[in-house]
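Student: I've never looked at this one before. Could you walk me through a pocket and a sheet?

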Amino acid sequence: MKTLTINGKKRGDLGKSASRLLRKEDQVPCVIYGGEKTYYFSSEEKNFKELVYTPNSYITNVQLDDEKIEAVMQDIQFHPVTDKILHIDFIEVRDGKPVIVELPIITKGKSVGVMQGGILVKRLRKLPVKGFVNNLPESIEIDISDLNIGDSVSVGDLSMGQNEILSSKKNIVVKIKTSRVANTAKKAAEADKKSKSKSK
């Protein structure tokens with residue numbers, strides 16, 4: 001997986017008033033848990049842009065003074081009106097302990113159905129995957145080359161090796177949907193076929 005470094009400052013005052021003051025200074029209160037101890041820190045909101053506003057998933061190296069903690073983002077809270085980041089939860093990456101990461105879904109190839117006028121519909125953009133950091137890919141790739149109109153790929157069709165997808169196997173990930181163009185072409189072909197059979 002890709003890595004990203006965030007420089008932060010440890011915080012001692014964990015009250016709501018202290019958090020409000022941090023946000024006024026464009027700082028985001030954060031917490032890292034899941035390890036031997038819990039880390040409370042803050043960092044400038046701009047430092048999280050690459051981590052938050054992207055389809056990619058990252059292992060985050062959080063640098064706190066002389067300590068570096070490897071973690072993955074677990075939860076994020078936004079202001080309901082301004083969309084500013086209010087708080088971020090991280091879970092520490094530890095040897096021998098799996099993590100859950102939202103991996104982006106990438107399609108490759110050109111679908112037969114799309115070339116016939118169908119429309120590629122992506123029902124899901126990311127999937128939660130549980131596994132060890134060293135075994136996790138950067139994304140989930142789906143080859144759509146052989147998909148015809150009406151065909152789909154569900155979670156149960158995906159293979160992730162030792163990793164586990166934490167979503168119902170019935171959930172559709174991508175589908176080739178018929179379009180007005182495809183329907184028109186189909187009706188025209190059927191009408192032409194009927195016309196030829198009558199003329200015989």
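Tutor: Sure, and keep in mind that this is a predicted model. Let's start with the pocket.

Student: Which strand gives the largest share of the lining of the largest pocket?

Tutor: Start with the elements that give two or more residues to this lining: α2 (49-52), β5 (67-78) and β7 (99-108). One of them provides five residues, the largest share, and that is β5.

Student: What classes of residue line the largest pocket, and how many are nonpolar?

Tutor: The lining of the largest pocket is made up of 15 residues, and Ser57, Met73, Gln74, Glu102 and Lys126 lie nearest the centre. The space inside is about 300 Å³. By class, the lining has four polar residues, three charged ones and, to get to your number, nonpolar residues numbering eight.

Student: Now the sheet with β8, β13 and β11: which strands stand at its edges, and why is one side of each left without a neighbour?

Tutor: This open sheet has three strands in the order β8-β13-β11, with antiparallel pairing. A strand with a single partner has one side left without a neighbour in the sheet, so the edges here are β8 (119-122) and β11 (152-154). Neighbouring strands are turned against each other by 10 degrees on average, direction ignored.

Student: Which residue in β13 stands opposite leucine 120?

Tutor: Strands of a sheet pair through backbone hydrogen bonds, either parallel or antiparallel. Here β8 and β13 (residues 172-177) pair in the antiparallel sense, over four bridges. Across from leucine 120, in β13, is isoleucine 176.

Technical notes. Residues are numbered from 1 along each chain as its sequence is written. This is a predicted model: local features need pLDDT of at least 70, side-chain atom pairs count only at pLDDT 80 or more; totals for chains, interfaces and linings use all residues. Side-chain values use heavy atoms; hydrogens and water are left out. Two strands pair if DSSP finds at least two bridges between them. Axes are lines fitted to C-alpha atoms, for helices over the stretch in contact, and angles run from 0 to 180 degrees between N-to-C directions. On a 1 Å grid over the protein atoms alone, a cavity is a set of points where a 1.4 Å probe fits but cannot get out, and a pocket is an open set with protein on both sides within 12 Å along at least five of seven lines; lining residues have an atom within 4 Å of a point. Grid points are joined across faces, edges and corners, and a volume is the space filled by probe spheres set on the points. Ala, Val, Leu, Ile, Met, Phe, Trp, Tyr, Cys and Pro count as nonpolar, Asp, Glu, Lys and Arg as charged, and the others, Gly among them, as polar.
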